[in-house]
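Grab a pencil and work through these exercises one at a time. Try each task yourself before you read its solution.

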Amino acid sequence: MAAGYGLRRPSFFVLCIGLVVATALFGAPIPLAPPVRWALSAGLLAVMGLAGWKAGLELMGASAAAERKALAAAGLLILPVALFALMPGFGPPEFADHARNAFRYPVLFMDALIVFGAMMLLHDVLQARGELLYSRLGFALIGSSTPLYLVWAALLVVAPRAVLAGHPWAVGPWSAWLMSFSDILLFFAGLLTYAATALFVLSMRRTQWLGAKTAAALLVVSLLAVLCLIIRGMDFPDPAVVFAQGYSIPGWIAGIPAVPWLMPCLFGLILIRRIAREAEPASAAMTAPVGLSAAR
């Protein structure tokens, strides 16, 4: 294992860069031919998978039970963002682009399930470290948001399939009702996810997994996102209107379905880096009092 110490830090940075690139390519409307898109997706996923493994996930095979569960949670926390690599060039959803939407929303459906599983593991690990209040409240909120995400995604999986199949209800009054109902579901799902994130930040701070400045920054961002969503309202605005108004942009960004999962992804990166540092002989003595090994 000692031979891998020197690779962990550069691998961690490669993983971070890969996640940023996957997110940026997903959000940018770039026309890509299917072979190019699949080749790009495969390359990004391979790079991120290898980088994540060498950054610290490989320690799952040689760590104590607490570290193994924490690393499993970390891997799941970054996975939803890594799966954005499956959709390079998709950009914001265009409801006329039914073929892409028929692929987009099943991926987001899976992401919602993965986030729930990751937060469940994180909740278990935090409870094992003695933090019983904020982790329980955060898990209750993420458990409440997940069914809303799943129903929202399921509705939007059905919609493009219905259009492609030629069902008449898909283009009539039912279509407008479906979009309005899905907007309400998405609003509350995002609101609960941001609130759950804030509670997990408090829990991770109490267990000293987050420094004071990092925890304060993440807490402020989470609460600002909640405020932006509330000011925006339950209806997801048209991007053309949003960018014409300007002041609506923060609420629009906060309400993008994938955005609430970005901070849980940061939790995963923090866990990987902390556990990897504890495994390094040179820093083990310094980090043991505040790290996972102190909980053994």
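**Exercise 1.** Find out which residues of helix 3 are buried in this predicted model.

*Solution.* Start with the cut-off: a residue counts as buried when its relative accessible area is under 20%. In helix 3, that test picks out Glu67, Ala70, Leu71, Ala73, Ala74, Gly75, Leu77, Ile78, Pro80, Val81 and Ala82. Now look at the spacing in that list. An α-helix has 3.6 residues a turn, so residues three or four places apart point the same way. Next, check the length of the helix. Helix 3 has 18 residues and spans 25 Å from its first C-alpha to its last, close to the expected 26 Å.

**Exercise 2.** Work out what Leu19 touches, leaving aside residues up to four places away in sequence, and where Leu19 fits in the nonpolar core.

*Solution.* First, list the partners: Leu19 touches Met48, Ile78, Val81, Ala82, Cys265 and Leu269. You've already met some of these, since Ile78, Val81 and Ala82 are among the buried residues of helix 3. Then step back to the core. The largest nonpolar core has 75 residues, and Leu19 is one of those with the most contacts inside it, along with Leu122, Trp152, Phe267 and Ile272. At least two residues of this core come from each of several helices, including helix 1 (5–27), helix 3 (65–82) and helix 10 (262–279). As a general idea to keep in mind, nonpolar side chains in soluble globular proteins tend to be buried together.

**Exercise 3.** Decide whether Ser182 and Ser248 are buried or exposed, and say where each one sits.

*Solution.* Take Ser182 first: it is found in helix 6. Its relative accessibility is 2%, so Ser182 counts as buried. Leaving out residues up to four places away in sequence, Ser182 touches Trp152 and Leu156. Now for Ser248, which is in the loop between helix 8 (239–245) and helix 9 (249–254). With a relative accessible area of 14%, Ser248 is buried too. Finally, try a distance: the C-alpha atoms of Ser248 and Leu229 are 9.9 Å apart, though the two residues are 19 places apart along the chain.

**Exercise 4.** Track down the salt bridges and say what each pair joins.

*Solution.* The count comes to three. Begin with Glu58 and Arg8, whose side chains meet at 3.6 Å, N to O. Glu58 lies in the loop between helix 2 and helix 3 while Arg8 is in helix 1, so this pair ties together parts that are 50 residues apart in sequence. Both Glu58 and Arg8 are buried.

Go on to Glu58 and Lys54, with their closest N and O atoms 3.4 Å apart. Lys54 has a relative accessible area of 23%, so Lys54 is partly exposed. Put these pairs together and you get a network of salt bridges linking Arg8, Lys54 and Glu58.

That leaves Glu131 and Arg206, whose closest N and O atoms are 3.7 Å apart. Glu131 sits in the loop between helix 4 and helix 5 and Arg206 in helix 6, 75 residues apart. Compare the two ends: Glu131 is buried at 3% relative accessible area, but Arg206 is exposed at 54%.

**Exercise 5.** Which residues form a nonpolar patch on the surface?

*Solution.* The patch is made of Val220, Leu224, Leu227 and Ile231, with about 390 Å² of accessible area together. Check one member: Val220 lies in helix 7 (residues 212–232). At 45% relative accessibility, Val220 is partly exposed.

Definitions and conventions: Residues numbered from 1 in each chain as written. Predicted model: local features only at pLDDT ≥ 70, side-chain atom pairs only at ≥ 80, totals over all residues. Heavy atoms only, no water. Patch = residues over 30% accessible without salt bridge, like charges linked within 9 Å, V, L, I, M, F, W, Y side chains within 5 Å. Areas by Shrake-Rupley, 256 points an atom, 1.4 Å probe, with all protein chains shown as cover. Salt bridge = Lys/Arg side-chain N within 4 Å of Asp/Glu carboxyl O. Helix = DSSP H or I, 4+ residues; strand = E, 2+ residues; numbered from the N terminus. Buried < 20%, exposed > 50% of the residue type's maximum accessible area, 1.4 Å probe, protein only. Core = buried A, V, L, I, M, F, W, Y, C linked by side-chain atoms within 4.5 Å. Contact = heavy atoms within 4.5 Å. Expected span 1.5 Å × (residues − 1).
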